Structures are given as C-alpha cells and as structure tokens.
Amino acid sequence: MLTAEQLLERLGNQEDALVERKLERVRPADLRRTATAFANSVPEGSVGVLFVGVHDRTGEAVGVENPDQFQKNLRMLLHGDCYR
C-alpha cells in the first residue's frame, strides 16, 4: 500500500511502467489494456497506480464527475472482461 505522500509523488511524475493517467472519458478498451499491462508487468512487491481524472500528458487533475459510479463501472468492466 502506498502512502498519501507516495501517491502525490507519483502523480507529479511522468507516466512510466508503474503509473498511468486517464481521463474520465477513457475508452473501456484502454482501461482493459492498462489493467492487463499492470497484471503482466508490475514486479512482485511493486504497485501500479492508475490515476483517473488526470490528463495523461500534462498531469493536470480534472476530476471525475461521479467517482463512486466510475469505480463500480471499472470493477464490473475488469471483472467481466479481464478476470473470467
């Protein structure tokens, strides 16, 4: 588990093998691709972080309109499509 300070540090860094940023309107296929990449490439003992509501190029936090609903939709998407 990462601390709040570690998350903020990663948020301020560029995207890399452990950090991805997506806007709320991201396509489901892109979310599946990111989850699959993390599952296949994040070394044991490391943590991959997907920031949603953050511009991938600028790092600007733009937010998510309904975070609870987005999280539920993401869970259903990944459970249904990636973890059968």
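How many helices and strands does the protein have? In this predicted model, the protein has three helices and two strands, and these elements follow one another from the N terminus in the order α-β-α-β-α.

The overall dimensions were examined next. For 84 residues, a compact globule would be expected to have a radius of gyration near 12 Å, and the value of 13 Å found for the protein agrees with this expectation. The C-alpha trace extends over about 35 × 35 × 20 Å along the principal axes. Of the 84 residues, 23% are buried, while the accessible surface amounts to about 6200 Å², with carbon and sulfur atoms contributing 51% of that area. When contacts are restricted to pairs of residues at least 6 apart in sequence, 62% of them join residues that are at least 24 apart. With respect to charge, the protein carries 11 positive and 13 negative side chains, and a distance of 7 Å separates the centres of the two sets.

Attention then turns to the interior. The largest nonpolar core comprises seven residues, namely Val26, Leu31, Ala35, Phe70, Leu74, Leu77 and Leu78. Two or more residues of this core are supplied by each of the elements α2 and α3 (67-81), and α3 provides the largest share, with four residues. One of the core members, Phe70, is situated in helix α3 and has a relative accessible area of 15%, which means that Phe70 is classed as buried, since this value falls under the 20% limit. Beyond its neighbours within four places in sequence, Phe70 is in contact with Glu24, Val26, Leu31, Val52 and Val64; among these partners, Val26 and Leu31 also belong to the largest nonpolar core. The contact partner Val52 is 18 residues away from Phe70 in sequence, with a C-alpha to C-alpha distance of 9.2 Å.

Two loop positions were considered alongside the core. Gly48 is located in the loop that lies between α2 (28-41) and β2 (49-52), and its relative accessibility of 28% places Gly48 in the partly exposed class, because this value lies between the limits of 20% and 50%. Residues up to four places away in sequence being left out of account, Gly48 touches Arg10, Leu18, Phe38 and Val42. The C-alpha atom of Gly48 is separated by 9.1 Å from that of Ala35, the two residues being 13 residues apart along the chain, and Ala35 is itself one of the residues of the largest nonpolar core.

The second loop position, Gln14, occurs between α1 (4-12) and β1 (19-22). At 59% relative accessibility Gln14 is counted as exposed, because the value is over the 50% limit. Gln14 nevertheless touches Val19 and Arg21, when residues up to four places away in sequence are not counted. A separation of 8.8 Å is found between the C-alpha atoms of Gln14 and Thr58, although these residues are 44 residues apart along the chain. Taken together, the three positions examined comprise Phe70, which is buried, Gly48, which is partly exposed, and Gln14, which is exposed.

Terms used. Residues numbered from 1 in each chain as written. Predicted model: local features only at pLDDT ≥ 70, side-chain atom pairs only at ≥ 80, totals over all residues. Heavy atoms only, no water. Rg over C-alpha atoms; globule rule 2.2 N^0.38 Å. Buried < 20%, exposed > 50% of the residue type's maximum accessible area, 1.4 Å probe, protein only. Contact = heavy atoms within 4.5 Å. Areas by Shrake-Rupley, 256 points an atom, 1.4 Å probe, with all protein chains shown as cover. Lys, Arg positive; Asp, Glu negative; His and termini not counted. Charge placed at Lys NZ, Arg CZ, Asp CG, Glu CD. Core = buried A, V, L, I, M, F, W, Y, C linked by side-chain atoms within 4.5 Å.
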